[in-house]
Amino acid sequence: MFSKITLIIGFMLLSTGALQAQDKPEVEIGGAVRFNYNLSSWKEGQKKRGGDFGYDVFRINAKAKYKGIKLNAEYRLYSEGFGGGMLKQGWLAYDFDSKNEIQVGLTQVPFGITTYNSNNWFFSLNYYIGLEDDHDMGVKFTHTDKNWNYSLAFFKNAEELRFGNNSDVSNSRYSYDVASIDLDGDGVLDLRNKEVNQANGKLSYTIGNDSINHKIGTSGQFGGLYNLDTQKMGSHYAAALHYELKYKRFGVKAQASKYKKSSKNPNGQSNDLIAMAAYGGSYLVAAEGNTYTLGVSYTVPVKWGPVSSLQFYNDYGYLEKLNSDFNDTSMNVTGVLVTAGSVYTYFDIAAGKDQPWLGPNWTNGLGAGAADAKWEVRFNMNIGYYF
C-alpha cells in the first residue's frame, strides 16, 4: 500500500507541472558508438592472436521538456552475447525550482559517490555487486544546493521485463541486480530472488571553492528480497561513507561500504550466496561483505592536434567477504582517458583477483572465490564517438 501511495503522489506532483507555461516542446537527441580492444592474460588463444578488437555498444539518448515535464532516456544495443538491447535509464521529472526535482521511472539509485565512484572504463568493484551506477524502478526526490545535497527514493523493484507471477529477473540489463542462476546446468534456476520495495537516502556536504573543494557524504538503503520458490520475503541493506576531493586538476574518490543480503532460499540452497546478473549473464556474490575503494586522477590539458586532454587515474577496490570460508576479491585499474573532440578513448590496464571480468573464475569469483587465485591482467582500449 505504501508503494502504491508513493507512486500516486509522484504522478500527481508531475501532473501539476503541466500547468506551467511552455508553449513549445524541447527535444534533444544524442548517442554514441563504441569499439573495444582487449588482451587478457588468462586467455591463451587470445594471446596467440594478439587480442581481439570488435563492437562494444551503440546507444541513443533522448531528452525532452514540455510544460514543465522532462524526459531523460538512454537505450543501449550491445551484442547478443552481452545482453543485446537494454534500457539503461528512462525517467520523467519535474523541477519544483532550481534546487528540487522529482523523478519517476528507471532512475539512478542514490547510493555512494554518483554519478560514478570511479574514473576508468571498468568502473569500481562496487559496480559488480550492484552498489555503483545502479538503476531501478521508482520515485526519487533530489535537493541540490551549494553545500547540502540530499536524495530520498523508493524503488518498487529493479528493471522488470517479464511481469509474470513467478518470472525470474532478466539477465539483459545494464546494472547488476539480484537475480537467478543455474548452478548445476540442469536447466533449472537456483537462488531465485528479486529486489523489491527498497528505500534509499543519501546526504552530502560540500565545502570549499572552485579551486579546491571537499564533499563528505553518507548513504543507506534497505529493502526486501522475495524468493520465487519459497514465496518468502528476505531483506537486504547497504550503508556507505564517501569522500571526494577536487583540487585544481587533481581528484580523489574514496568510499567504504557495508552490505548484507538475507535471502529465504529453499532447503538445500545456501543463504551465504546470492546470484546477480547483467550483460546477459549471472554469477554468484557473497551475501555479506565490506568494500573499500580509492580512486585518484590528474588531468593534463594538451594541444596535440585534435587531442585536448589526458586524464591519468588509478582506481583500487577490495571486497572483504564476511564468510570466513570465502576468499576476498581485489581489483585495480590504471589508465588514461584521451579526449579528442567528440572521441573519448580509455586505455586501461585492469588487474583482478577473484574478479569475474578479470580472470577465469566467472561463476564463483565474487562468491566463495578460490584459495589459489592469482592476479590476472587485461589490457583494454575502448574508443567511443559521442554525438
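Trainee: What makes β10 and β11 a hairpin, and which residue in the turn has a positive phi?

Mentor: In this predicted model, β10 and β11 form a hairpin with five residues between them, and Gln231 in the turn has a positive phi of about 55°.

Trainee: How do you know that β10 and strand β11 pair, and in which sense?

Mentor: Two strands count as paired if there are at least two bridges between them. Strand β10 (residues 212-227) and strand β11 (residues 233-247) have 15 bridges in the antiparallel sense, so they meet that definition. One of the facing pairs is Thr218, which stands opposite Leu241 in β11.

Trainee: What makes β9 and β10 a pair, and how many residues does the hairpin between them pass through?

Mentor: Strand β9 (residues 193-208) and β10 are joined by 14 bridges and run antiparallel, so the requirement of at least two bridges is met here as well. The hairpin that joins β9 to β10 goes through three residues, and within the pairing Gly201 stands opposite Gly220 in β10.

Trainee: Turning to the start of the chain, how do you know that β2 pairs with β1 and with β3?

Mentor: The same kind of reasoning applies. Between β1 and β2 there are 13 antiparallel bridges, while ten bridges join β2 to β3, again antiparallel; because the definition asks for at least two, both count as pairs. As examples, Val27 stands opposite Ala64 in β2, and the bridge partner of Lys63 is Asn72 in β3. The hairpin of β2 and β3 has two residues between the strands, and Lys67 in the turn has a positive phi of about 55°.

Trainee: Why is Phe58 called partly exposed?

Mentor: Phe58, which lies in strand β2, has a relative accessible area of 34%. The term buried is kept for values under 20% and exposed for values over 50%, with partly exposed in between, so Phe58 at 34% is partly exposed.

Trainee: What makes Phe58 fit for a patch, and which strands supply the nonpolar patch?

Mentor: A residue of a patch needs over 30% relative accessible area, and Phe58 with 34% passes that cut-off. Phe58 belongs to a nonpolar surface patch of about 1200 Å², whose other members include Val27, Tyr75 and Phe387. Strands β1 (26-40), β2 (52-66) and β3 (69-78) each supply at least two residues of the nonpolar patch, and the largest share, four residues, comes from β2.

How values were computed. Residues are numbered from 1 along each chain as its sequence is written. This is a predicted model: local features need pLDDT of at least 70, side-chain atom pairs count only at pLDDT 80 or more; totals for chains, interfaces and linings use all residues. Side-chain values use heavy atoms; hydrogens and water are left out. Patches are made of residues with over 30% relative accessible area and no salt bridge: like charges are joined within 9 Å, nonpolar side chains (Val, Leu, Ile, Met, Phe, Trp, Tyr) within 5 Å. Accessible areas come from the Shrake-Rupley method with a 1.4 Å probe; for residues, only the protein chains shown count as cover. A salt bridge is a side-chain nitrogen of Lys or Arg within 4 Å of a carboxyl oxygen of Asp or Glu. Buried means under 20% relative accessible area, exposed over 50%, partly exposed in between (1.4 Å probe, protein chains only).
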